[in-house]
Amino acid sequence: MDRGDEMVVIDLGQQRTYSDCGEIYNDGHRRSGFYKIVPLQSNTSFSVFCDMSEGGGWTIVQRRSDGSQNFYRNWTDYKQGFGDFTTAKGEYWLGNDNLHYLTKQDDYILRIDLLDFEGQRRYADYKSFRVGDEQSAYQISCGDYSGTAGDSLTGGFNPEVQWWANHNGMKFSTWDQDNDNYEENCAVEDKGGWWYNRCHSTNLNGLYYKGPYTSQTDDGIIWYTWHGWWYSLKYVAMKIRSVNFQPNLV
């Protein structure tokens, strides 16, 4: 987990362009912070937080830390990205277009770091994480799970619930673009933008409550297999790294 709230925007100048944080790490830049990257098929550069701990080279695509940012947003906001791209614990969503370009260029592992209000930590890893283009409604694809938090993303905790709890293969939904499998709009009910099914067993872009909460729906920051539906987590970071990443130790 990154620590501190200081400004951490790192300008490497115009020496070269990097496609992700793994390339930045292996070019000798080992300080965690915001860097500019340009994925291979993207036309524009954008800022992303590079987590250089845990072996280095992690590109953080989503972070929740204090409830300072509104994640109940429309399709365009989630497409383009939003949030705080300057401070070490700033909340943000990198943008679905950027997620698509990033995960299209290589085979990535997704790591989800989770922290509760009692100071306990868990994580979930998924192989072969990919997000489709806008024409596919940013459909999510991911492979096998490993970790300590339980498999809430693909419903692996119980095969009988996968028909409604599996987010793998789902299209992205927002309050103004409903692509879920539910009769109503999961994004409206659960106050976020996400790859909803009917509706979720994880809702990492939900409302920021401080631990146990009560609401008409399970609209908090949820990881069901750890704390159930009625506990909202303190900190979440979704980060990716190429499976082909080999730390350059020189």
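In this predicted model, Lys191 has a relative accessibility of 26% and therefore counts as partly exposed, since that class lies between the limits of 20% and 50%. Lys191 belongs to the loop between helix 5 and strand 10, and its phi is positive, near 60°, although the residue is not a glycine. Most residues other than glycine have a negative phi, and most peptide bonds are trans. A second residue with a positive phi is Tyr138, for which the angle is about 55° and which is likewise not a glycine. Tyr138 is found in the loop between strand 7 and strand 8 and, with a relative accessibility of 0%, counts as buried. The loop between helix 5 and strand 10 (202-203) also holds Cys199, which is joined to Arg198 by a cis peptide bond with an omega of about -10°.

As regards the extent of the annotated region, an unreviewed UniProt entry lists residues 12-244 under "domain: Fibrinogen C-terminal". In the model, this span is 15% helix and 27% strand, and its end C-alpha atoms are 24 Å apart.

Charged side chains were considered next. Side chains of opposite charge can pair when their charged atoms come close. The count of salt bridges in the structure comes to eleven. One of them joins Glu54 to Arg111, with 3.1 Å between the closest N and O atoms. Because Glu54 lies in the loop between strand 2 (46-51) and strand 3 (58-64), whereas Arg111 is part of strand 6 (residues 108-115), this pair ties together parts that are 57 residues apart in sequence. The two partners can also be described by their accessibility: Glu54 is partly exposed, at a relative accessible area of 39%, while Arg111 is buried, at 14%. Arg111 takes part in a further salt bridge, with Asp125, at an N to O distance of 2.7 Å. As Asp125 lies in strand 7 (residues 121-131) and Arg111 in strand 6, the pair ties together parts that are 14 residues apart in sequence. In this salt bridge both Arg111 and Asp125 are buried.

Strand 6 is also the site of Asp113, which is tied to Lys239 of strand 14 (residues 235-242), so that parts 126 residues apart in sequence are brought together by the pair. The closest N and O atoms of Lys239 and Asp113 are 2.8 Å apart, and both residues are buried. These residues belong to a network of salt bridges that links Asp51, Glu54, Arg111, Asp113, Asp125 and Lys239. Apart from its salt bridges, Arg111 lies over the face of Tyr123, at 4.5 Å from the ring centre.

Aromatic side chains form another set of interactions. A pair of aromatic rings is described by the distance of the centres and the angle of the planes. The structure holds 22 aromatic pairs. In the pair formed by Tyr25 and Phe245, the ring centres are 5.9 Å apart and the planes stand at 65°, so the arrangement is edge-to-face. Tyr25 is located in helix 1 (residues 21-26) and Phe245 in the segment after strand 14, so that this pair links distant parts of the chain, 220 residues apart. Tyr25 and Phe245 are both buried, and the charged end of Arg30 sits over the ring of Tyr25, 4.1 Å from its centre. Elsewhere, one aromatic cluster is formed by Phe71, Trp75, Tyr78, Phe82, Trp93, Tyr138, Phe172, Trp194 and Trp195; its member Tyr138 is the buried loop residue with the positive phi described above.

Two further loop residues were examined for their surroundings. Thr174 is placed in the loop between helix 4 (162-165) and helix 5 (186-190) and, at 0% relative accessibility, counts as buried. The side chain of Thr174 reaches the backbone nitrogen of Trp75 at a distance of 3.4 Å. With neighbours within four places in sequence left aside, the contacts of Thr174 include Arg73, Asn74, Trp75, Tyr78, Gly192 and Gly193. Trp75 and Tyr78 are also members of the aromatic cluster.

Cys142, in turn, lies in the loop between strand 8 (140-141) and strand 9 (145-147) and is likewise buried, with a relative accessibility of 8%. Among the residues touched by Cys142, not counting those up to four places away in sequence, are Tyr126, Ser128, Phe129, Leu153 and Asn168. The C-alpha atoms of Cys142 and Ser128 are 5.2 Å apart in space, although the two residues are 14 residues apart in sequence.

Note on methods:
Residues are numbered from 1 along each chain as its sequence is written. This is a predicted model: local features need pLDDT of at least 70, side-chain atom pairs count only at pLDDT 80 or more; totals for chains, interfaces and linings use all residues. Side-chain values use heavy atoms; hydrogens and water are left out. A salt bridge is a side-chain nitrogen of Lys or Arg within 4 Å of a carboxyl oxygen of Asp or Glu. Helices (H or I, at least four residues) and strands (E, at least two) are DSSP runs, numbered from the N terminus. Buried means under 20% relative accessible area, exposed over 50%, partly exposed in between (1.4 Å probe, protein chains only). UniProt positions are given in the numbering used here, feature names are shortened, and annotations may be inferred rather than shown by experiment. Contact means heavy atoms within 4.5 Å. A polar contact is a pair of N or O atoms within 3.5 Å; within protein, one must be able to donate a hydrogen and the other to accept it, and residues adjacent in sequence count only if both atoms are side-chain atoms. Rings of Phe, Tyr and Trp (its six-membered ring) pair if their centres lie within 6.5 Å; planes under 30 degrees apart count as stacked, over 60 as edge-to-face and the rest as tilted. A charge sits over a ring if NZ of Lys or CZ of Arg is within 6 Å of the ring centre and within 35 degrees of the ring normal.
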